[in-house]
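This report looks at how aromatic rings and nonpolar side chains are arranged in one protein chain. The sequence and structure come first, and the commentary follows.

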Amino acid sequence: MEIGTISNIYLLIFLPLFASLLCQIFQIKNICFLISLASVVVLIGLVLKIFPDILIYEKIKNDYELSLLSITLEFSLDLVGVIFLFLIIFLEFLMLIFYRSDIENALNKRNQANFYSVFLLNLFSLVGILTSNNLFNLYLFIEIHSFAFFAIATISYNSKLLNISFKNFCLSSVSSILILICFFAIFLTFGELNFDKIVDNLFLLPSNKIWFLFVILILFSLALITKFFPLWQYFEKIKQ
């Protein structure tokens, strides 16, 4: 596998984070918009550049076993993941182009710049979720996504939206604890954080522990529904 392909995937993951920090530094609406737009365009270009390699190798990943800290550098990207990644980034691009004026009109001058910073942080979390290859990274990016969405909702001074945001924050906190318990149970069951190794060990799991795995999956599904389903309450309000 070419080193350039791996570098492109790391750039794909961390570019939105660096762009978000730049928006926080400049705090100028037009500059932040240009940074956000340029970042999204570059991400689309990176996805299209990586796509032929995905078709050749079917799955591109980096696994490290040197230390616990090295798991933060793991990633995995396959055909399904890269398609979803392209769709999400493209939708973010469309939102920047067509909903810019609506969003800026709903916010004061300072929060207009903050929006683009949080917008990029949210994009960073979504890219991270789709490229995560272990439980630690997945949990980290899920939490970043929850924080980013909550921050986007609360920069508006709409009292109804703030009330819904607080309720969602409470539900999200409960969900985070449940997800953490599920991931800890999976780690205790398989002794691994890496998804590929967990799948390999799945076939070695004793039959008397299958029920325990189903319970974990059910709890994890409930946690995800609790964390992400309330987001639909925001859609019409944010759209307005």
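## Aromatic rings and nonpolar cores

In this predicted model, W211 counts as exposed because its relative accessibility is 55%, over the 50% cut-off. F212 has a relative accessibility of 31% and therefore counts as partly exposed. A search of the whole structure finds eleven aromatic pairs, and W211 and F212 form one that is edge-to-face, with 5.9 Å from centre to centre and 75 degrees between the planes.

| Residue | Relative accessibility | Class |
|---|---|---|
| W211 | 55% | exposed |
| F212 | 31% | partly exposed |

Elsewhere among the rings, F33, F115, Y116 and F119 form one aromatic cluster. The ring of F33 also has a charged partner, since R100 lies over its face at 3.8 Å from the ring centre.

F115, a member of that cluster, is also among the residues with the most contacts inside the largest nonpolar core, together with L12 and I89. That core has 44 residues, and at least two of them come from each of α1 (3-26), α2 (29-57), β2 (75-78), α3 (79-98), α5 (109-131) and α6 (135-154). The most is given by α2, with eleven residues. When its neighbours within four places in sequence are left aside, F115 is in contact with M95, I103, L107, I152 and I155. Apart from the largest core lies another, of 15 residues, including L205, L213, F220 and A223. In soluble globular proteins, nonpolar side chains tend to be buried together.

Conventions
Residues are numbered from 1 along each chain as its sequence is written. This is a predicted model: local features need pLDDT of at least 70, side-chain atom pairs count only at pLDDT 80 or more; totals for chains, interfaces and linings use all residues. Side-chain values use heavy atoms; hydrogens and water are left out. Rings of Phe, Tyr and Trp (its six-membered ring) pair if their centres lie within 6.5 Å; planes under 30 degrees apart count as stacked, over 60 as edge-to-face and the rest as tilted. Buried means under 20% relative accessible area, exposed over 50%, partly exposed in between (1.4 Å probe, protein chains only). A charge sits over a ring if NZ of Lys or CZ of Arg is within 6 Å of the ring centre and within 35 degrees of the ring normal. A nonpolar core is a set of buried Ala, Val, Leu, Ile, Met, Phe, Trp, Tyr and Cys residues joined through side-chain atoms within 4.5 Å. Helices (H or I, at least four residues) and strands (E, at least two) are DSSP runs, numbered from the N terminus. Contact means heavy atoms within 4.5 Å.
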